[in-house]
Amino acid sequence: MEPGDAARLGPGRVTRALPPRMWLLLLLVGWGLSAGALASSSGAAAADSSAMEELATEKEAEESHRQDSVSLLTFILLLTLTILTIWLFKHRRVRFLHETGLAMIYGLIVGVILRYGTPATSGHDKALSCTQEDRVFSTLLVNVSGKFFEYTLKGEISPGKLNSVEQNDMLRKVTFDPEVFFNILLPPIIFHAGYSLKKRHFFRNLGSILAYAFLGTAVSCFIIGNLMYGVVKLMKIVGQLSDKFYYTDCLFFGAIISATDPVTVLAIFNELHADVDLYALLFGESVLNDAVAIVLSSSIVAYQPAGLNTHAFDAAAFFKSVGIFLGIFSGSFTMGAVTGVVTALISKFTKLHCFPLLETALFFLMSWSTFLLAEACGFTGVVAVLFCGITQAHYTYNNLSVESRSRTKQLFEVLHFLAENFIFSYMGLALFTFQKHVFSPVFIIGAFVAIFLGRAAHIYPLSFFLNLGRRHKIGWNFQHMMMFSGLRGAMAFALAIRDTASYARQMMFTTTLLIVFFTVWIIGGGTTPMLSWLNIRVGVDPDQDPPPNNDSFQVLQGDGPESAGGNRTKQESAWLFRLWYSFDHNYLKPILTHSGPPLTTTLPAWCGLLARCLTSPQVYDNQEPLREEDSDFILTEGDLTLTYGDSTMTANGSSSSHVASLSLEGSRRTKSSSEEVLEHDLGMGDPKVSNRGTRLVFPLEDNA
């Protein structure tokens, strides 16, 4: 049919044919409608797919939340069971197993159940190769069909263990991030050690404690490190070393395993009231050597010699590491002390004591923030929070209200108890749930021998040299007990688990875990028989002095000629502490607390305005005489009396309206049990000891 011709399309109907352009238009419209229908169908399918993905994601998040709740509930039930069993043990007077050992046993049982009693779930897909990259990324963005997903680094997996990666999601949930231990669990443990420190007995033995903590830890670190380097060489010869293990790794292991934690022994000492000096030596060493061990390990990690061989000895790098050790320790110490001083000033010059809840909350936050502030500034939070606790106990505690004193003591005691038992429970759990264990029998046996020799090499020689300057010697039974009490615990575990990326660190972690198990169970359980076998006296209250032997006090200086000029006194603390005690008592205590002598009596006359501003009104008005619960430092209440004006103030801030020599009837004071019991000639030939009207009244011991 030609264009323009008529065509009969039906009975009685004739139409004209459409032009070609109209046919083309109709064809395009049809295609458009078909494409729209297809696009609509494809969009609906995509929407359904996206909805399914969102639903799957929500279900996965809900399942993850449920597993998180179950894992936390597991640890809470472990702690609950531990507490109930502790009560039973205390009720039955069972001492062969401490609460920490009990928590580890329960952790082991739960770890076995989770490892072998829960079904495995497939949480890993096939491995993807990234051969073009030559380094490891901590965060990875993956493009999957136009959608980007973020993945974080969990750690390295050796090729031989690629097919045996743990498929149980529950086991991965109960494996905590190591930073949880450092930032959440360790601060209350370390702070409580400083805040509850029995300062009087600690400072009596300060010289010996510092020697054991600093020199002893360094000696132990290098002896263990060198012995373990020999063990590693032996393992390489016999073919039991499958990866690199450098000398610096051995020194690092020596540092972390030198951190002692005789919590079991000290708990038994406290329960049996063992000898106060032995308790002070062990407790003081364990408190300080944790701080020394962590700074020492950081210095070893920072050791970077010049040249291609980064593990060879380099004198410049060695001295740089020593400088880093001193810088980190001193900086952390300063930061902790400054935070404590700031808290003391806030509590003194504000009315927070009228609101005990706010006062306790501020105290808690300031104390905890010390740890995080030190870590953020590149220092060590353990050292900072330890000395913050000591400073808070010495200064801030005096400014708190009665309610806040009780609350802060109980709060940190409970946090310390829960955190410590949580860590020991996790230790038992980690033996079966940790996915990177490296068990080496030669390394483990060598480590046990090395820590025994390292402990002996610093306890006995240091005790010998310390006894040369001590009036009351550290006896052989004390030395044997200190040697026996070198348990490893929370700090060694936390340092070991913090970095398990390499083969060497994984072997260290496994060995540290086994050492903690052995020392807590075997050595901790043998503490009571050892006390009996070594004939160490028990039944002595750790908060009290040894049996007294002096019944009189004498006034060293008076207003009249009858003053006892030229008398000498024996002070009951280490000489190192006595160097600054007078400065602390006359200046720091009055500035930072409501106790001590008024600054108007100790500062020069031209500082009168400043002295009146900084001195608390309670000192003048005697409205709120404060005393320290822990028998403050050198002398007990009434031992040191300061007289100003017409009133007398004792070292704890209490006052009276007359000056008189003090006497204790029916009791006698003992000669000090410290190595630094020295006689000092007050006044250097001049019997008068005065400072702008201030009179010192000391107790005198019988020289006979």
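The cover over the buried residues of helix α15 comes from several parts of the chain in this predicted model. Among the elements that contribute are α6 (206-238), α8 (263-272) and α9 (276-301), joined by α14 (441-467), α17 (503-525) and α18 (527-533). Helix α15 itself spans residues 476-484, and its buried residues are Phe478, Gln479, Met481, Met482, Met483 and Phe484.

Helix α17, one of the elements covering α15, also packs against helix α16, which runs over residues 490-497. The axes of α16 and α17 lie 9 Å apart and meet at an angle of about 165°. Because angles over 145 degrees count as roughly antiparallel, α16 is placed in that class relative to α17. The crossing of the two helices, α16 and α17, is left-handed. On the α16 side, the contact is made by Ala492, Phe493, Ala496 and Ile497; on the α17 side, Phe509, Thr512 and Leu513 take part. Sorted by class, the residues in this contact between α16 and α17 comprise six nonpolar and one polar, with no charged residue.

A word on confidence helps in reading the rest of the model. The protein chain has an average pLDDT of 75, and 68% of the residues reach at least 70. Two stretches deserve a mention here. Over residues 548-572 the pLDDT stays under 50, and the model gives this stretch 85 contacts beyond four places in sequence. Residues 622-704 also have a pLDDT below 50, with 248 contacts in the model beyond near neighbours in sequence. Where pLDDT is low, the predicted coordinates should not be read in detail.

Terms used. Residues numbered from 1 in each chain as written. Predicted model: local features only at pLDDT ≥ 70, side-chain atom pairs only at ≥ 80, totals over all residues. Heavy atoms only, no water. pLDDT = per-residue confidence, 0-100. Contact = heavy atoms within 4.5 Å. Buried < 20%, exposed > 50% of the residue type's maximum accessible area, 1.4 Å probe, protein only. Helix = DSSP H or I, 4+ residues; strand = E, 2+ residues; numbered from the N terminus. Axes fitted to C-alpha atoms, helices over the stretch in contact; angles between N-to-C directions. Parallel < 35°, antiparallel > 145°, perpendicular 65-115°, else oblique. Left-handed = near helix turned anticlockwise from the far one by under 90°. Nonpolar A, V, L, I, M, F, W, Y, C, P; charged D, E, K, R; others polar.
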